[in-house]
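Thank you all for coming. I would like to walk through one structure this morning, beginning with a single helix and working outward from there, so please keep the view open in front of you.

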2 protein chains.
Amino acid sequence: MNIPVNTTTAAHDLADPDTPFAVVDVHKTRRNIERLQARADRLGVTLRPHVKTAKSLDVAALMHGDTPCPVTVSTLAEAEAFADGGYTDITYAVGIDPHKLPRVIALLRRGVRLRILLDSVEQASFVAEASRQAGIPIPTQIEIDCDGHRGGLKPDAPALPEAGRILHDAGCLDGVLTHAGESYFAYTAEEERLAAKNERDTAVAAAERLRAAGLPVDTVSVGSTPTAHAAEDLTGVTELRAGNYVFFDLVMAGLGVCQVEDLALSVVVTVIGHRPEYGWIVTDGGWMAMSRDRGTAVQAQDQGYGLVTDLNGNLVPNLVMTAASQEHGTLTARDGADLPDLPVGTRLRILPNHACATAAQHRGYHVIEGTRSTGAVPVIEAFWQRVTGW
Amino acid sequence: MNIPVNTTTAAHDLADPDTPFAVVDVHKTRRNIERLQARADRLGVTLRPHVKTAKSLDVAALMHGDTPCPVTVSTLAEAEAFADGGYTDITYAVGIDPHKLPRVIALLRRGVRLRILLDSVEQASFVAEASRQAGIPIPTQIEIDCDGHRGGLKPDAPALPEAGRILHDAGCLDGVLTHAGESYFAYTAEEERLAAKNERDTAVAAAERLRAAGLPVDTVSVGSTPTAHAAEDLTGVTELRAGNYVFFDLVMAGLGVCQVEDLALSVVVTVIGHRPEYGWIVTDGGWMAMSRDRGTAVQAQDQGYGLVTDLNGNLVPNLVMTAASQEHGTLTARDGADLPDLPVGTRLRILPNHACATAAQHRGYHVIEGTRSTGAVPVIEAFWQRVTGW
């Protein structure tokens, strides 16, 4: 066990810090990381983890040896923090707001290969102009829409070669990027495989369209946590992105991408009351600790605001966090089960619907080794801070 | 205009900081504060604002003159930050976890009159014991359940006088507190008036029950933003609590407690793309900036993730933020209206469903004076930090 130590707390086990607080099980995190890395290696593509879930240099350090790996970020604050941490190959995977280009150029001038994203001729013109004014090419990817989820150009859109040409003429065209966001709503292994195939096929088709127009394409980037775990053939793709997989969550378990026992992020809460007349156990972990994310509400099994384990990570059968106010959580029994006897002061862990959203409610993570034990309260090895803001 | 200046940014108007960021309109905030203060004065009760919404000493400073007012907090981190800011009369209105009592006692020893809350004999015994061991009485209120919303004892519960006796014998009994949480689901003015009457009646009945058992009750505390604005008679009540009212939000507007034009918190976002084939305008403000709160989904008018204004706060008609991913927001037109022409780079403000949840996504607030102007971009007067964590 080799956990980077960055302790800013005197707490020594999960019974110690005041609740609620977020916990990362580093054993499960490593296992999740190794699983996807092995897949990427088999598929013959570079893995470019999206650090938007953990937003932690310490979690990212689990992903590579001494040399920082390529990463994807969701904010320039992440890009800057990871650049400070020695990462030099960063993709900022949100369509560029021209107002943010000075920060992009400042990172490029520091020697970071920061790629940006866009999906319009309008943005391409801004980027080309900024690049010329700064005298530095801004490596840029064109976002491709593979499933109508969010942004991007369709591979047959006239704007694709048009934007590509503007970028190429300014020395800025790097490649194409797509994200199968709708794979979060694909509920069978076959649907996930098809989503992965469609994601790959669409990205490659877009790259070929640009190449056919005489525009060189280096990067062909695809990925989402579900499709990254379902892809069988990534011919023509150069890199795979995924973020959520480091922690996983109940949404991913509901999709079958992982098992509940793979969830590496949880929130420690304390029982503060009982309302037997309503069938409630009340805790001090509300939506401020869990987020308002109810991602499993649209799945076959609605997990409320989360499932409940003891401090050692063993599931408390049939207990679900079904309601949340700002600093209160309500636990109820499922399927007519009896409520367990959990006196005031009992500490529990809540497994979240959506790791990205729950993690964002916390300044950082108390880190445990996480090999399953049945008796002793898990020891806190470190506190890992998150990058916040934009 | 007298805004406490606490600027930690060189930004000078709303066109300047990189988006997304939170903005507080101090003119509207003051007006909201004055409105409820005037009501409390008319009703003859002390107003004890709940600072859990803004979590800002600077916002709280708008509530009083030179002498800090009584406040309610949702975390001990808030209690400690407000104690550091000179507040000496603080109620921590979440049922006490015995593990947190050392921090409570530390605040009492600093001279802060910190009241805590509980709703069980079990907790009362913990508090009495901790109080005796520390040699300092811990002022404690018993939470009363007026509407089955969350925690609390019913006024006729045998545990009420039992817990009261344990507290009284240890010198800890301060009073009773209730919160009409179900008033967030009362959709007519008459329902809100009834919720306020029930909240008052239940709290007073609980206080009388304790007094009849020979247990002195000082504080009789009631409140929620809807009932605070609906109450007509608070005889027997000593103080009124409300938090959301400083900013208000679309949930409160949907309940009729305020108008949309009263909303003092918004999030500035930038247009980063267009998907005319789907009827979407894409922005860089997703759920990380707005929260996942969909509080208006259960109201007559679902406002998605929020309504849209220009930088001056003028509503963009029929435009709604209907979808969110981590760093993307999707704006769509309502009722078959045409999408407005908003080029890439256009800045907008999003009015949130739930101010408490949206504010929690940000480190602090860029503050504008907020008198309506039609031309100039509002000047940023200050940056006000939030208290975070627990």
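Let me start on one face of helix H4 of chain A, where A:Pro102 and A:Arg109 are exposed. Please bear in mind throughout that this is a predicted model.

Which residues of H4, which spans residues 101-109 of chain A, are buried? They are A:Leu101, A:Val104, A:Ile105, A:Leu107 and A:Leu108, and because they cover an arc of only 160 degrees around the axis, they lie on the same side of H4(A). The general background is that an α-helix has 3.6 residues a turn, so residues three or four places apart point the same way. As for what this buried side meets, the buried residues of H4(A) pack against helix H3 (76-84), strand E5 (113-118) and helix H5 (121-134), which also belong to chain A. After H4(A) comes A:Gly111, and its phi is positive, near 95 degrees.

That brings me to backbone geometry. Most residues other than glycine have a negative phi, and most peptide bonds are trans, and with that in mind I would point to two residues of chain A. A:Lys55, although not a glycine, has a positive phi of about 50 degrees; A:Lys55 sits in the loop between strand E2 (46-49) and helix H2 (57-61) of chain A, and with a relative accessible area of 3% it is buried. In A:Phe248, also a residue other than glycine, phi is positive and near 55 degrees. A:Phe248 is found in the loop between strand E9 (239-242) and helix H9 (250-255) of chain A, and it is buried as well, its relative accessible area being 0%.

Where are the cis peptide bonds that I want to show you? In chain A, one joins A:Thr19 and A:Pro20, with omega about -5 degrees, and A:Pro20 lies in the segment before E1 of that chain. In chain B, a cis peptide bond joins B:Thr19 and B:Pro20, with omega again about -5 degrees, and B:Pro20 is placed in the segment before E1 of chain B.

Now to the relation between the two chains. Chain A can be laid on chain B with an RMSD of 0.0 Å by a turn of 180 degrees and a shift of 0.0 Å along the axis, which is the relation of a two-fold axis. Within chain A, the C-alpha nearest that axis belongs to A:Arg292, at 2.5 Å from it. Of the interface residues of chain A, 100% are also interface residues in chain B, so the copies meet through the same surface.

The second largest pocket, with a volume of about 1400 Å³, is lined by 48 residues, and those nearest its centre are A:His362, A:Arg363, A:Thr388, B:Arg363 and B:Thr388. The elements giving two or more residues to this lining are strands E1 (21-25), E16 (364-368) and E17 (380-385) of chain A, together with strands E1 (21-25), E16 (364-368) and E17 (380-385) of chain B. By class, the lining has 18 nonpolar, 19 polar and 11 charged residues.

I will finish in the segment after E17 of chain B, where we find B:Val387. Is B:Val387 buried or exposed? At 14% relative accessibility it counts as buried, and, leaving aside residues up to four places away in sequence, B:Val387 touches B:Lys55, B:Ala77, B:Glu78 and B:Ala81.

Methods
Residues numbered from 1 in each chain as written. Chains lettered and ligands numbered in written order. Predicted model: local features only at pLDDT ≥ 70, side-chain atom pairs only at ≥ 80, totals over all residues. Heavy atoms only, no water. Least-squares fit on C-alpha atoms with pLDDT ≥ 70 in both. Contact = heavy atoms within 4.5 Å. 1 Å grid on protein atoms, 1.4 Å probe; cavity = no way out; pocket = protein on both sides within 12 Å on 5 of 7 lines; lining within 4 Å. Points joined across faces, edges and corners; volume = space filled by probe spheres on them. Helix = DSSP H or I, 4+ residues; strand = E, 2+ residues; numbered from the N terminus. Nonpolar A, V, L, I, M, F, W, Y, C, P; charged D, E, K, R; others polar. Buried < 20%, exposed > 50% of the residue type's maximum accessible area, 1.4 Å probe, protein only. Arc of directions from axis to C-beta.
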